[in-house]
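Work through the exercises below with the sequence and the model at hand. Each task is followed by a solution in steps.

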Amino acid sequence: MNATSSGSAAKFDASRAGEYAQQCRIALAGYDACHELAACMLAAALGSGGRAEILVAGAGGTAQEIITAGALEPLWRFTAVDPSPPMLELAMRAVRDAGLEARTEAVPGTVQSLPPQARFDAATLIGVLHHLPGDSAKLELLRAIAARLEPGAPLILACNHYAYAAQPLLLAAWGGRWRMQGAPADVVAAKLGRIVEGADPPHSEQAVLDLLAEAGFEQPLRFFSSLFWGAWMLRRSGDKLF
């Protein structure tokens, strides 16, 4: 695990892992719909009913990618990678509850720590990229995923993609989501402050696509949007990488 990954993972300690399942659904309007569509997009790309090995990068927390896709496609197998032990433990608990433990391998660490020869038919990276500080760390992770995908294999990427402070209207609407759950003004302000200070999202959709192109992905297709959030499907380039 490199220093950047260790620092990002440290944010997701045991206390934050414990509240993650509830908090993420408030912070992202359409959380379940995004994961359902992600599973449907992968099934459409890979074809339904066949076997596939799926890399789930940053799987910790709800394991919603695995639970949703695993229910849709009974022959798919998953490799769940996460550098935060508490988050990975929480994810695997959800995997066990869904009856998918036999089809899921848990890997504590980063995608970069996987064997270079590992190959997958598809990958997901949902809710991860904006937690990595700086473009170099983001690009390193995307390249590590690309290097472990077959040429033409699909990637589902979902992340926040605006500088938070640069979009005050979206930020205020985000605060409204918390108020809908009964959070008082001081709690909303604290949560928004934590969000603004605690992540480094790409500053535009084009910035996301530029990183992906540099990492070896092509054919971006956006299929979901919610305030700061966007989700795309891409293909690993057929060209030799790097």
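**Exercise 1. Count the helices and strands in the protein chain.**

Solution. Start from the DSSP runs, numbered from the N terminus: helices are H or I runs of at least four residues, and strands are E runs of at least two. The protein chain has nine helices and seven strands. This is a predicted model, in which local features need pLDDT of at least 70, side-chain atom pairs count only at pLDDT 80 or more, and totals for chains, interfaces and linings use all residues. Residues are numbered from 1 along each chain as its sequence is written, and side-chain values use heavy atoms, with hydrogens and water left out.

**Exercise 2. Decide whether the radius of gyration of the protein chain agrees with that of a compact globule.**

Solution. Step one is the rule: the radius is taken over C-alpha atoms, and a globule is expected to have 2.2 Å times the number of residues to the power 0.38. For 242 residues this gives a value near 18 Å, and the protein chain has 17 Å, so the two agree. Step two is the extent: the C-alpha trace spans about 50 × 40 × 35 Å along its principal axes. Step three is burial, where buried means under 20% relative accessible area, exposed over 50%, and partly exposed in between (1.4 Å probe, protein chains only). Of the 242 residues, 50% are buried.

**Exercise 3. Find which strands pair with strand 7, and state how enclosed strand 7 is.**

Solution. Two strands pair if DSSP finds at least two bridges between them. Strand 5 (residues 154-160) runs antiparallel to strand 7, with seven bridges joining them. Within this pairing, Leu155 is opposite Leu234. Strand 6 (residues 217-226) is also antiparallel to strand 7, again over seven bridges; here Ser226 has Trp229 as its bridge partner. For the second part, look at residues 229-236: seven of the eight residues of strand 7 are buried, so the strand is largely enclosed by the rest of the structure.

**Exercise 4. Describe the turn between strand 6 and strand 7, and find a residue in strand 6 with a positive phi.**

Solution. The two strands form a hairpin with two residues between them. Leu227, in this turn, has a positive phi of about 50 degrees although it is not a glycine. Its relative accessibility is 31%, so Leu227 counts as partly exposed. In strand 6 lies Gln219, which has a positive phi of about 55 degrees and is not a glycine either. Gln219 counts as exposed because its relative accessibility is 52%.

**Exercise 5. Is His161 buried or exposed, and which residues does it touch?**

Solution. First locate His161: it is in the loop between strand 5 and helix 7 (168-180). Its relative accessibility is 1%, so His161 counts as buried. Contact means heavy atoms within 4.5 Å. Not counting residues up to four places away in sequence, His161 touches several residues, among them Pro201, His203, Glu205, Arg222 and Trp232. Trp229 and Gly230 are also among the residues that His161 touches.

**Exercise 6. Which residues does Leu170 contact beyond its neighbours within four places in sequence?**

Solution. Leu170 lies in helix 7. With those neighbours left aside, Leu170 is in contact with Tyr162, Leu227 and Phe228. Leu170 and Phe228 are 58 residues apart along the chain, and their C-alpha atoms are separated by 7.1 Å.
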